[in-house]
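Dear colleague,

Please find below the structure that I am handing over to you. My findings follow it, arranged by topic.

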Amino acid sequence: METASLNLPENAIIDWKRSEVSIGLSDSRGIQQPIRIRCGAEQLDTEPGTVLLHTIRGGVHAPVDLSDKQQFSFETRIALNGSQSMQVVPLGKHTRMELTTHWDKPKYLGAFIPDSHDISNGIARAHWEVLHF
């Protein structure tokens with residue numbers, strides 16, 4: 001796997017077999033269903049907490065073996081209740097996010113506003129696609 005874009009020291013050793021996917025959540029009380037992550041055809045069950053404590057303090061994580069993958073993508077669905085706001089940081093080379101919510105007047109803030117959004121029958125839908133450029 002190409003590591004040049006990771007800005008690591010030349011002598012860095014990456015153990016791709018022990019990779020982890022972390023999803024940061026500032027308040028996990030609103031989680032309504034178990035969070036599962038799909039990596040290709042593999043379904044990953046998550047555990048509480050993250051391994052990135054200096055970056056992401058709360059949330060969930062799942063171990064994944066990336067040693068035989070040149071490219072990979074992750075997909076998850078998260079059912080949340082009672083949130084006042086939701087913030088997403090697009091860290092991937094290609095980040096795609098779809099949001100469906102019962103907020104009838106959502107506000108979109110930040111550097112990336114939705115590519116498309118619609119509100120009908122009290123349900124808001126929005127779609128983002130963000131490239132790493």
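**A partly exposed tyrosine and its partner**

I begin with Tyr 108, which counts as partly exposed because its relative accessibility is 22%. Please bear in mind throughout that the model is predicted.

Tyr 108 belongs to one of the aromatic pairs, of which the count comes to 2. A pair of aromatic rings is described by the distance of the centres and the angle of the planes. In one pair, Phe 72 and Phe 74 have ring centres 5.3 Å apart and planes at 70°, so this pair is edge-to-face. Phe 72 is partly exposed, at 35% relative accessibility, and Phe 74 is also partly exposed, at 36%. Tyr 108 pairs with Trp 128, and that pair is edge-to-face, with 5.7 Å from centre to centre and 75° between the planes.

Which parts of the chain does the pair of Tyr 108 and Trp 128 tie together? Tyr 108 lies in the loop between E7 and strand E8 (116-120), while Trp 128 lies in strand E9, so the pair ties together parts that are 20 residues apart in sequence. Trp 128 counts as buried because its relative accessibility is 11%, a value under the 20% cut-off.

**The chain as a whole**

The protein chain holds 9 strands and 0 helices. Read from the N terminus, its elements therefore run β-β-β-β-β-β-β-β-β. The C-alpha trace spans about 55 × 30 × 30 Å along its principal axes. Of the 133 residues in the protein chain, 23% count as buried. The chain exposes about 10800 Å², and carbon and sulfur atoms supply 49% of this area.

Two further totals concern contacts and charges. Where contacts join residues at least 6 apart in sequence, 53% of them join residues at least 24 apart. The chain carries 13 positive and 16 negative side chains, and the centres of these two sets lie 6 Å apart.

**Strand E7 and its neighbour E9**

In a regular strand the side chains alternate between the two faces of the sheet. Strand E7 comprises residues 94-101, and its covered face consists of Thr 95, Met 97, Leu 99 and Thr 101. The uncovered face of E7 consists of His 94, Arg 96, Glu 98 and Thr 100.

How many bridges join E7 to strand E9? There are 8 bridges between E7 and E9 (residues 123-131), and the two strands run antiparallel. Within E9, Trp 128 is the bridge partner of Met 97. Trp 128 thus appears here as well as in the aromatic pair with Tyr 108.

Thr 95, which lies in strand E7, counts as buried because its relative accessibility is 18%. Leaving aside residues up to four places away in sequence, Thr 95 touches Pro 90, Trp 128, Glu 129 and Val 130.

**The loop between E6 and E7**

Two residues of this loop deserve a description. Lys 93 lies in the loop between strand E6 (74-76) and E7. Is Lys 93 buried or exposed? Lys 93 counts as exposed, because its relative accessibility is 61% and the cut-off for exposed is over 50%. When residues up to four places away in sequence are not counted, Lys 93 touches Val 130, Leu 131 and His 132. Lys 93 and Ile 56 are 37 residues apart in sequence, and their C-alpha atoms are 19 Å apart in space.

Met 86 has its place in the loop between E6 and E7. Met 86 is partly exposed, with a relative accessible area of 42%. Its contacts, not counting residues up to four places away in sequence, are with Met 97 and Leu 99, which both belong to the covered face of E7. Met 86 and Ser 26 are 60 residues apart along the chain, and 9.6 Å separates their C-alpha atoms.

**An open sheet of 3 strands**

The chain also contains an open sheet of 3 strands in the order E1-E5-E4, with antiparallel pairing. Its edge strands are E1 (19-24) and E4 (47-48), each of which pairs on one side only. E4 is joined to strand E5 (residues 59-64) by 2 bridges, and these strands run antiparallel. The bridge partner of Pro 48 in E5 is Val 60.

Yours sincerely,
A colleague

Conventions: Residues are numbered from 1 along each chain as its sequence is written. This is a predicted model: local features need pLDDT of at least 70, side-chain atom pairs count only at pLDDT 80 or more; totals for chains, interfaces and linings use all residues. Side-chain values use heavy atoms; hydrogens and water are left out. Helices (H or I, at least four residues) and strands (E, at least two) are DSSP runs, numbered from the N terminus. Buried means under 20% relative accessible area, exposed over 50%, partly exposed in between (1.4 Å probe, protein chains only). Contact means heavy atoms within 4.5 Å. Accessible areas come from the Shrake-Rupley method with a 1.4 Å probe; for residues, only the protein chains shown count as cover. Lys and Arg count as positive and Asp and Glu as negative; His and the chain ends are not counted. The place of a charge is taken as NZ of Lys, CZ of Arg, CG of Asp or CD of Glu. Two strands pair if DSSP finds at least two bridges between them. Rings of Phe, Tyr and Trp (its six-membered ring) pair if their centres lie within 6.5 Å; planes under 30 degrees apart count as stacked, over 60 as edge-to-face and the rest as tilted.
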